[in-house]
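Got the viewer open? Here's a short tour, stop by stop, with something to select at each one.

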Amino acid sequence: MVRQRPGSVTLTDVARLAGVSVATASKALNGRAQVAPATRERVAAAAEKLSFQPNALARGLISGRTRTVGLLTDELAGRFAMPIMLGVENALASEQMSVLLCDTRGDPIRRRHYIRTLLARQVDGFIVVGDRNDVRPSLTPDIPVPVVYVYGESTDPHDLSLLSDDEGGARLAVEHLVSLGRRHIAHVTGPERYRAARYRVAALRAVLDEAGLALVGGEPLYGEWSQSWGRYAGHLLATTHPELDAIFCGNDQVASGVAQALVQLDRRVPDDVALVGYDNWEIFAADCRPPLTTVDLDLQRLGATAVEYLFDALDGAPRSGVVRQPCRLVVRESTGPRLRNP
């Protein structure tokens with residue numbers, strides 16, 4: 001059999017010949033863990049047969065050209081950026097790589113400066129961390145190495161954007177309440193301009209429709225991501241809708257305020273009103289009274305997954321489009337079966 005020219009062979013060709021996924025082929029060729037010895041040998045044999053050579057960026061990664069990744073964030077002190085960055089750093093450290101962190105503070109001029117600085121340091125790739133699960137302008141035209149966007153969707157569909165699944169997370173929360181026999185469910189959330197808030201409302205309505213239920217008050221209560229808004233909205237709901245038996249909140253901070261309002265009105269949580277938050281923000285979720293059932297975005301895993309996708313791109317197998325990572329429900333004492341009659 002005539003071999004293909006080395007320059008024309010891709011990692012996809014090697015994976016196809018070895019009968020494995022592109023990601024597995026990448027891990028096998030780069031000596032990363034979680035690949036069976038037999039699989040590693042099969043991939044190596046396929047690469048040899050096809051005369052496969054990684055691209056220049058991947059060769060630099062393997063040989064230790066710089067073994068650094070640039071990480072750009074708009075809000076270093078933000079609630080979401082820090083755990084994502086911890087996940088990135090842990091994943092890179094396990095591969096004996098380093099991350100160069102730059103906080104752009106939402107300033108386009110500062111962002112361009114840091115991009116130039118990181119490129120001058122010859123980083124192997126970029127991870128761009130957003131401050132919300134929303135759309136952001138693509139930076140890829142200014143960056144000649146692989147880029148992965150995390151917790152922020154690039155405007156360019158050819159980029160890879162890794163997001164938390166807001167609709168899936170909201171579905172987990174509302175399905176949990178319905179499964180507990182709650183039938184009069186309200187929703188208190190942040191500003192409607194946030195795409196995450198709108199996506200969660202869409203999932204909420206879908207689950208209620210499937211269960212044949214109506215949203216208490218007919219519409220979600222949009223406001224701010226704050227305890228004070230939660231206190232106000234919780235008081236309003238509890239005093240105007242006596243049938244209320246559950247509230248799904250757009251974040252844990254809001255839920256904490258709602259819980260305070262319910263206590264002041266002698267509405268017991270969860271006996272009278274079950275309460276679910278979002279984000280699993282420890283300072284609010286665990287300290288809430290009672291401790292708060294909430295949706296965990298698993299942000300550290302989101303950061304680690306971004307590193308995996310960046311490695312794939314460096315190995316010649318880039319992805320594009322939007323990947324939504326599933327959330328998980330953390331059940332605590334603020335939810336339970338409905339005890340009173342309808």
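Start with α1 and look at what lies over its buried residues: the cover includes α2 (22-29) and α3. Keep in mind as you click around that this is a predicted model. The residues to highlight in α1 are Leu11, Asp13, Val14, Ala15 and Ala18, which are its buried ones.

**Stop one: α1 against α2**

Which residues of α1 meet α2? Select Leu11, Thr12 and Ala15 on the α1 side, then Val22, Ala25, Ser26 and Leu29 on the α2 side, and you have the contact on screen. Sorted by class, that contact holds 5 nonpolar and 2 polar residues, with no charged ones. Now draw the two axes: they come within 9 Å and cross at roughly 100°. An angle from 65 to 115 degrees counts as roughly perpendicular, so that is how α1 and α2 sit to each other.

Before leaving, click Gly19, just after α1. Gly19 takes a positive phi of about 75°.

**Stop two: α1 against α3**

Next, bring up α1 (residues 11-18) together with α3 (residues 37-50). Their axes come within 8 Å, and the crossing is at roughly 125°. That makes α1 and α3 oblique to each other, and their crossing is right-handed.

For the contact itself, pick Asp13, Val14, Leu17 and Ala18 in α1. Across from them in α3 you'll want Arg42, Val43, Ala46, Ala47, Lys49 and Leu50. By class, the contact of α1 with α3 comes out as 7 nonpolar and 3 charged residues, and no polar ones. Asp13 is worth a second click: Asp13 is among the buried residues of α1 and also takes part in the contact with α3.

**Stop three: Thr104**

Jump along the chain to Thr104, in the loop between β2 (98-103) and α6 (108-120). Is Thr104 buried or exposed? Its relative accessibility is 0%, so Thr104 counts as buried.

What is Thr104 in contact with, leaving aside its neighbours within four places in sequence? Select Leu72, Thr73, Asp74, Arg110, Arg111 and Tyr114 to see those partners. Thr73 makes a good distance check: Thr104 and Thr73 are 31 residues apart in sequence, yet C-alpha to C-alpha they are 6.0 Å apart in space.

**Stop four: the cysteines**

Colour the cysteines now. How many disulfides does the count come to? The count is 0. Cys327 is in no disulfide, and the nearest cysteine sulfur, belonging to Cys249, is 16 Å away. A disulfide would need the two sulfur atoms within 2.5 Å. Cys327 has 12% relative accessibility, so Cys327 counts as buried. Cys102 is buried too, with a relative accessible area of 8%.

**Last stop: zoom out**

Show the whole chain as a cartoon, and you have 12 helices and 14 strands in view. Taken along the principal axes, the C-alpha atoms fill a box of roughly 75 × 45 × 30 Å. Of the 342 residues, 54% count as buried. If you pull up a contact map, take the contacts with a separation of 6 or more: residues 24 or more positions apart account for 71% of them.

Conventions:
Residues are numbered from 1 along each chain as its sequence is written. This is a predicted model: local features need pLDDT of at least 70, side-chain atom pairs count only at pLDDT 80 or more; totals for chains, interfaces and linings use all residues. Side-chain values use heavy atoms; hydrogens and water are left out. Axes are lines fitted to C-alpha atoms, for helices over the stretch in contact, and angles run from 0 to 180 degrees between N-to-C directions. Helices (H or I, at least four residues) and strands (E, at least two) are DSSP runs, numbered from the N terminus. Angles under 35 degrees count as roughly parallel, over 145 as roughly antiparallel, 65 to 115 as roughly perpendicular and the rest as oblique. A crossing is left-handed if the near helix is turned anticlockwise from the far one by less than a right angle, and right-handed if clockwise. Contact means heavy atoms within 4.5 Å. Ala, Val, Leu, Ile, Met, Phe, Trp, Tyr, Cys and Pro count as nonpolar, Asp, Glu, Lys and Arg as charged, and the others, Gly among them, as polar. Buried means under 20% relative accessible area, exposed over 50%, partly exposed in between (1.4 Å probe, protein chains only).
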